[in-house]
Amino acid sequence: MENLIKYYNSVNSWALKVLFRNLIVFKKTWATSLAFNVVEPLLYLAALGAGLGVMIPEIKGMTYTEFIAPGIVATSAMWASAAECSYDSFVRMHFQKIYHAIIATPINIREVVIGELLYGTFKGILSGIVIMIVIALLGLVTSFWALLTPVIFILSGMIFSQISMIWTGLVPKIDTFAYLFTLIITPMFLFSEVFFPLDTLPEIVQQIAWFLPLYHIVFLLRALTLGMVGPELIHHFLWLVIFTLVIFPLPQLLMQRRLIK
Amino acid sequence: MSVVIEANNLQKYYNNFQAVAGVDFQVMRSMCFGILGPNGAGKTTTVGMIYCFTPISGGELNVLDMDVTHHPREIKSRLGVVPQENNLDQELTVWENLLVYANYYGIKRANAKEKAKELLNFFGLSEKAHHQVEQISGGMKRRLTIARGLIHTPEILILDEPTTGLDPQSRRLIWEHLRQLKNRGLTLILTTHYLEEASHLCDDLIIMDDGIILEEGKPYYLIQKHVGEKIVEIDTEEAKINNVLEELAPLSGGYQLAGQTIFLYIRKDENPVVNKLNSFDYVNEYRVRPSNLEDVFLKLTGKGLSYGEFD
């Protein structure tokens, strides 16, 4: 038990110093990184909402664009965190040897991992909020409950940063990240009710979807954006909190195993 | 004089491979302590254990009176590390590298700025402060890495092959800086396979190979003990090597053979050997030179060379 607690204790002021390092770099590159984050979801919205959407009458009382907008926000936030803690973290760890440089200081490897996860989370939150503002400007946000969406972005950021960091702790080389995206991120993107309701598919697909974090994130964001708030939201929220806490030791454990021999 | 690092029967295994096989040594404050050995001798592993990067597998290792297994954070806050591979932060400028690193140690920003300025000045990097790390030369990167290791004013600075891959000028410049740091009382731990570097800088050293310590002592003492004052290098025909060795045996303290060259160890006076050599018509050429640490090193670790002791 004591062994497990140390992984949760790594969230401390040492980890914040690692986050701080990443934020200094972010200050230099934020404009480009954000621009890419915004352009892609807008392309999806334009193509699917304005293009495909004309052919689709209504989904549960929402226009098709209204239906997909919160899902697009969720996937953008997912991609932002997932990319940061996979490719970008791998480059820092493997090619730039930044983790090695940091763990020669009083900071330990677990705190380095937390610093990286916090940065991945930050990127996800930022991406989520910016695109949320964009869809609000497009008139696709109809409820003040949307002000609570940043809470969901925090959980989403933590979850996808952790999933990617687990991969970073395992992959032999940078090309191997393709598996993460092909096997996990893309299926999640397609089967989490971002583009269509799952009740048209066999029961089994819905049951599998329940295990996908993005499914719960999309559900919550859609409900808050369009003001469809009810007690069932607590169930989805708790799912995300528990998932975050359960996998929490894994990224640190794997990175420790990878670097400390 | 106080002991700052003490290893007792220190061991390291990587799975079944024994990288360090039970070594004992002590490092005294304000000394330059050298760890010499060929590639794969266990030097990097040994210093890795000192700066709490590599967990120890057995024995004891105390740094500044603290055990490395239980006090890594405290130890690391008082050690500076210059790793073998440059791991400067490529996404930051020279100046930012120092400030961000200072922050890892929890140094207040104002103090960090002052210290960074002083270090850039000391290492001749002030003009490059706002350059990207990628834009500066290899020698400068190395100096910056050393400066970074000093940002928190450590008591001990660990340098793992600090001049490998540098040109001779950059190397000498770094030696000069290290000597100045030593004169100010900083304890240095240096791994190297440049013997010249070790003789220039080290007060005390160990020679490692295959994870054990072959020899230890002051550079001058080791030279005296193993090879004597001078070396006569003799080029001869292959067929005559045994003749030459036989004739010269009583006049020398041992030899080493590399191809067709004999390295003859001279204890005191080279004149008797020289006189004999002048009388041989089959000796093409010979040179007398002062012996150095490299001769000791080759004698002790001499892989691919044959070595002989005269009775």
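This report walks through chain B, then two helix pairs of chain A, and then the contact between the chains.

Keep in mind that this is a predicted model, where local features need pLDDT of at least 70, side-chain atom pairs count only at pLDDT 80 or more, and totals for chains, interfaces and linings use all residues. Residues are numbered from 1 along each chain as its sequence is written, while chains are lettered from A and ligands numbered from 1 in the order in which they are written.

**Chain B**

The C-alpha atoms of chain B fit a box of roughly 75 × 45 × 35 Å along the principal axes. Its secondary structure comes to eleven helices and 15 strands, taken as DSSP runs numbered from the N terminus (H or I and at least four residues for helices, E and at least two for strands). Of the 311 residues in chain B, 42% are buried, meaning that 20 or more other C-beta atoms lie within 10 Å of a residue's own, with C-beta atoms placed from the backbone (12 or fewer is exposed, in between is partly exposed). Among contacts in chain B with a separation of 6 or more, 71% come from residues 24 or more positions apart; a contact here is two C-beta atoms, placed from the backbone, within 7 Å.

Now for the sheets. An open, antiparallel one in chain B takes four strands in the order 2-1-4-5, where pairing requires that DSSP finds at least two bridges between two strands. Strand 2 (17-28) and strand 5 (66-67) of chain B sit at the edges with a single partner strand each, so each has one side without a neighbour in the sheet. Further in, five bridges tie strand 1 (residues 3-14) of chain B to strand 4 (residues 58-63) of chain B in the antiparallel sense, and Glu6(B) stands opposite Asn62(B) in strand 4. Helix 1 (residues 43-50) of chain B lies across strands 1, 2 and 4 of chain B, at about 120 degrees to strand 1.

Elsewhere in chain B, strand 6 (residues 79-82) runs parallel to strand 7 (residues 156-160), joined by four bridges. Val82(B) has Leu159(B) as its bridge partner in strand 7. Which residues cover the two faces of strand 6 of chain B? Leu79(B) and Val81(B) are on one side, Gly80(B) and Val82(B) on the other, and all are buried.

**Helix pairs in chain A**

Axes are lines fitted to C-alpha atoms, for helices over the stretch in contact, and angles run from 0 to 180 degrees between N-to-C directions.

| Helix pair (chain A) | Angle | Axis distance |
|---|---|---|
| Helix 3 (64-95) and helix 7 (177-190) | about 165 degrees | 12 Å |
| Helix 6 (149-170) and helix 9 (213-226) | about 170 degrees | 10 Å |

Helix 6 and helix 9 of chain A are therefore roughly antiparallel, a label for angles over 145 (under 35 is roughly parallel, 65 to 115 roughly perpendicular, the rest oblique). Residues making this contact include Ile152(A) and Ile159(A) of helix 6 and Leu220(A) and Leu224(A) of helix 9.

For helix 3 and helix 7 of chain A, Thr75(A), Ala82(A), Ser86(A) and Tyr87(A) meet Phe177(A), Leu180(A), Ile185(A) and Phe189(A). That contact has six nonpolar, two polar and no charged residues (Ala, Val, Leu, Ile, Met, Phe, Trp, Tyr, Cys and Pro count as nonpolar, Asp, Glu, Lys and Arg as charged, the others, Gly among them, as polar).

**Between the chains**

Here, 18 residues of chain A touch 21 residues of chain B. On the chain A side, helix 2 (13-51) and helix 4 (98-103) are the elements giving two or more residues. That side splits into eleven nonpolar, three polar and four charged residues.
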